[in-house]
Amino acid sequence: MRVKTRLYLIAIASLLSVMIIAGGLYWMSMRMDSAIAQQRYAMDLVFQISELRTRLRYMSKSFDERERQEWLKSHARMSASLLKKPEMNGDQLVYVKSIYASDQGLNAIFEHIERRVKEQVEEKGNAAVSYLFDRLYLQLEAMQEDSLRLALSAETRISEKMLQNHLLQSAGLVPLALLMSLVAGFLARQISRSIEHLKVGMTQVADGRMDAEIKVITEDEIGALASHFNLMLTQLRDAETARKRLQAEVVSRSDELKRSERHYRALFDNLASAVFVLQFDKTRNFFLLQDLNRSAKHLGNWQKAMVENRALSDVITGHVGASLVELLERVEATGLGGAFPPIHYRDSTLDFWMEGFAYKLPEGELVLVFSDISARIEAEGRLRLWAKIFDSTSEGVIVTDAQSNIVEVNAAFTDITQYSREEAKGKNPSFLQSGRHDEAFYQAMWESIHTTGRWRGEVWDRKKNGETYPEWLNISAVTNDEGKLTHYVAVFSDISVIKQSQARLDFLAHHDPLTKLPNRLLLGAQLEQSLKHAGRANKHLAVVFVDLDRFKNINDSLGHPAGDYLLQQVAERFKECLRTEDTVARVSGDEFVLLLNDIDSRASAQIAMDKLLELFNDTFVLNEQDIRVTASMGVALYPQDGESATALMRNADTAMYSAKDDGRNSYRFYTEELSSNMLEQVLLENALRGALERNEFSLAYQPQVNLRTGEIIGMEVLLRWYYPQVGSVSPSLFIPMAEANGLIHEIGRWVLWAACTQGKKWLDEGKVFNRLSVNVAGSQILKAGFSDRVHAVLDQTGFPSNHLELEVTESYIMQDTKQAIQQLSAIRGLDVLLSIDDFGTGYSSLSYLKKLPVHKLKIDQSFVRDIPDDEEDVAIAEAILALGQALDKTVIAEGVETVEQASFLLSRGCMEAQGYLFGKPMNAEDMGDILEAGACFDAQRLRLAE
């Protein structure tokens, strides 16, 4: 039997002995209490019945309905309380239940009595009630006597039984308790012997006898304990051997730990992020630096010996240090790691952006990890800048993925197309197509994108409201570092306004804005076409040059508006007189050219000329006055008078001057005799060839001013020729001659050299000006090597290139646009400014104009002469100014002669001008004096005019 079981049996035996004795005593006391309670209950019942008799007697003597009801209710409550008394057993319980018969007890009896009383009163009166009460009283008295007898007999019987049971039970408990004690003693003896042997063995072990062994005399728990103790001694002997082996292993592991420490130290030092290891000093409330890695040393040029045991706020100063200390305090208090956002740190030696985090080690140290993110912050700043530019640019931008699905658009896209970002995102840009382009157009566009990575050109697209519009579109393919296509970017701008301006300028470039007739350029094109047709069909045609006689007198006497109205009436008469296949053009102020196709003979031409001359027989109404105006006309016939457009125009012009010389108001056909005039031109051309050697050329300078301030901003250099035999020769005469015979290149080099030499002299004298504007003939620009010649002149004279401006006529640029762009680009590379002279008088393509590397557009004086009175000239000037602003070009007006003209130009945004209002062309000495004065015009006059 196990010791545990024995101990349990001893405890149970002792406990049972105590419980038996205590239980018997408690049971007997409870039986006594129950008997006493039952006896008291029986006595209470006797007393209550007695009280009931008394009350009943009272009711029988004085019967009152209200009192009777109160008594019945009271007795009902009393009977209910009797039923709630402790239960009785035996005869008493039977007797009580026989009295009450139900749970409501006497209450039911008295309800029965109440009904009987009512019935008796109704039937027999009060005498019967008194009789009834007497009988009830006698019954209650009998019940009281029976209850008293029952209570006394019950008490006697219960007391006798309880005494007998007590004696019997007490007699049985004593031997049972004695038996239990003997069992417990025997079991205790067995346990004590085993413990004694165990004690002896342990004493031997305590004395150091590790070879001792405890004798096992039982197989219970104590025996098992002795066996295990013996086994433990064996294990202790084995453990000593193992300890020695472990000690050797510890030495080995220590070396390995050192190697591991060196390994992790290397990792710590080679982390890309800077790391501080800190210890919190509670006494001084400081975070002291204990260690830092190599990245931290490089980032802040911190050395461990310099910062070790120093407070963090002393190493990283200012608000950044305070923020880091606050973060570390929070980590120290909570034990939870935390990060700090990008923050800019700057001190006397360091300037960088940093971000990182801090955490707490189990040993209590704090680790602060941070990185230099200056490059990232800079990149993010650039991204924000590009995003702002993306949203702020006035050009629409579409970004698609490699499958051409829109991924992003900017605000200008919505402004132009009326589609929101949400409506466009995910769609193919083809939903914007207008339908004006065929499939071949888009195939060519995508072929260019796939081949070159880009495409640019004009496209018509459709807005959300269905309106089509032209746009200038640039598409570029975007690839990643591996060269793989990732996106397409399309940048476009609505060029509706430019197209409208282009169309208007195109019309103005080919038509006279006053009369709406074709101008010289369109006339030349139509004449060339008519000559080809006439040559193929072997037909004749006539060119008629018409000049109004004394037209200047009309302008001077009646005003320019009257002169313009006269020109319009003349144009209308010409159009009414001519056939549909004929052409009438206005080539200059009061000069018209008529092209008469399909002329059979000279006689037919003469009939037509007579009709034309008759147009001037009727008067013209000007300012409500009838004015007679005549005209002089010259006629040249194809093919006898010339086979080229130039020859026919020249000969017709010669014939017209012959008509003027003959008294005007007539016409003349070209004849060979008129060719004698050519001799004079030949002689003049021969004289022009030696003008440079004879030093007959000179330069004149006309100031260019700022309309806002009146200050001189530059000068136009003008060529003058004085031929002793004839005097001063007009540039309009000898310059076309020089261009025709090629002398213009030699003359142009001399003009450029002389202008730069004079400009360098002025600069050396301290005279201030921005630029010298030198006119360059178109043939000079188109000749190869022109930029090299300009560079050579600048080197020879030492004149700064940024003070030189070259003016090129518009018509020559358009003759060979590609060559002109190349030459002008080369000149622009010299830091020389470029401008287009006489802008608006020739035909220019806006698609090429925006490619020209020019800085300035010069409004021709023919468009300035009649502003602000002439609406057509006003419209042209405003269109050129608008075009200049759209193309980001400076605009200067020439031929400004009145304050009204200057004031109008200034009000329309033209800041620069030249003309007689500011000064006529003058020699270098006079120009130098004006430069020294610093201004040639009182700008206050313009402000007063406004």
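**Close-up views of a predicted model**

**View 1. Here is an open sheet of 5 strands, in the order E7-E6-E10-E9-E8, with antiparallel pairing.** Strand E7 (406–409) and strand E8 (454–462) sit at the edges with a single partner strand each, so one side of each has no neighbour in the sheet. From one strand to the next, the twist averages 25 degrees. Helices (H or I, at least four residues) and strands (E, at least two) are DSSP runs, numbered from the N terminus. Two strands pair if DSSP finds at least two bridges between them. For the angles, axes are lines fitted to C-alpha atoms, for helices over the stretch in contact, and values run from 0 to 180 degrees between N-to-C directions.

This is a predicted model, in which local features need pLDDT of at least 70, side-chain atom pairs count only at pLDDT 80 or more, and totals for chains, interfaces and linings use all residues. Residues are numbered from 1 along each chain as its sequence is written, and side-chain values use heavy atoms, with hydrogens and water left out.

**View 2. Now for two hairpins that share strand E9: E8 with E9, and E9 with E10.** Strand E8 and strand E9 (residues 468–479) run antiparallel and are joined by 9 bridges. Look for Val459, whose bridge partner in E9 is Glu471, and for Arg462, which is partnered by Thr468. There are 5 residues between E8 and E9, and Gly466 in the turn has a positive phi of about 95 degrees. On to the next hairpin: E9 and strand E10 (residues 485–494) pair in the antiparallel sense over 9 bridges. Val478 has His487 in E10 as its bridge partner. This hairpin has 5 residues between the strands, with Gly483 taking a positive phi near 85 degrees.

**View 3. Another open sheet of 5 strands shows mixed pairing, in the order E12-E13-E11-E16-E17.** Its edge strands, E12 (583–586) and E17 (666–669), each pair on one side only. Neighbouring strands are turned by 20 degrees against each other on average, direction ignored. Strand E11 (residues 540–548) pairs with strand E13 (residues 591–599) in the antiparallel sense, over 7 bridges. Across that pairing, Ala542 stands opposite Leu596 in E13. Helix H20 (residues 645–661) packs on the sheet and touches E11, E13, strand E16 (631–638) and E17. The direction of H20 makes about 145 degrees with that of E16. Contact here means heavy atoms within 4.5 Å.

**View 4. On either side of H20 come two loops, one holding Pro639 and one holding Arg664.** Pro639 is in the loop between E16 and H20, and the peptide bond leading to it from Tyr638 is cis, with omega near 10 degrees. Arg664 is in the loop between H20 and E17. Its phi is near 70 degrees, a positive value in a residue other than glycine. Arg664 counts as partly exposed, at 31% relative accessibility. The cut-offs are these: buried means under 20% relative accessible area, exposed over 50%, and partly exposed in between (1.4 Å probe, protein chains only).

**View 5. Two more loops are worth a look, one with Asn309 and one with Pro868.** Asn309 lies between helix H8 (304–307) and helix H9 (312–315). Asn309 has phi near 65 degrees, a positive value in a residue other than glycine, and counts as partly exposed at 48% relative accessibility. Pro868 is found between helix H29 (861–864) and helix H30 (871–886). The peptide bond from Ile867 to Pro868 is cis, with omega near 5 degrees.

**View 6. Finally, step inside the largest nonpolar core, which has 82 residues.** Such a core is a set of buried Ala, Val, Leu, Ile, Met, Phe, Trp, Tyr and Cys residues joined through side-chain atoms within 4.5 Å. Leu688, Trp721, Leu804, Leu806, Val896, Leu905 and Phe918 touch the most other members. Helix H23 (residues 744–764) supplies the largest share of this core, 8 residues. Leaving aside its neighbours within four places in sequence, Leu905 is in contact with Leu707, Val864, Ile867, Ala893, Val896 and Cys910. Apart from the largest core lies another, of 35 residues, including Leu514, Phe551, Leu566 and Val629.
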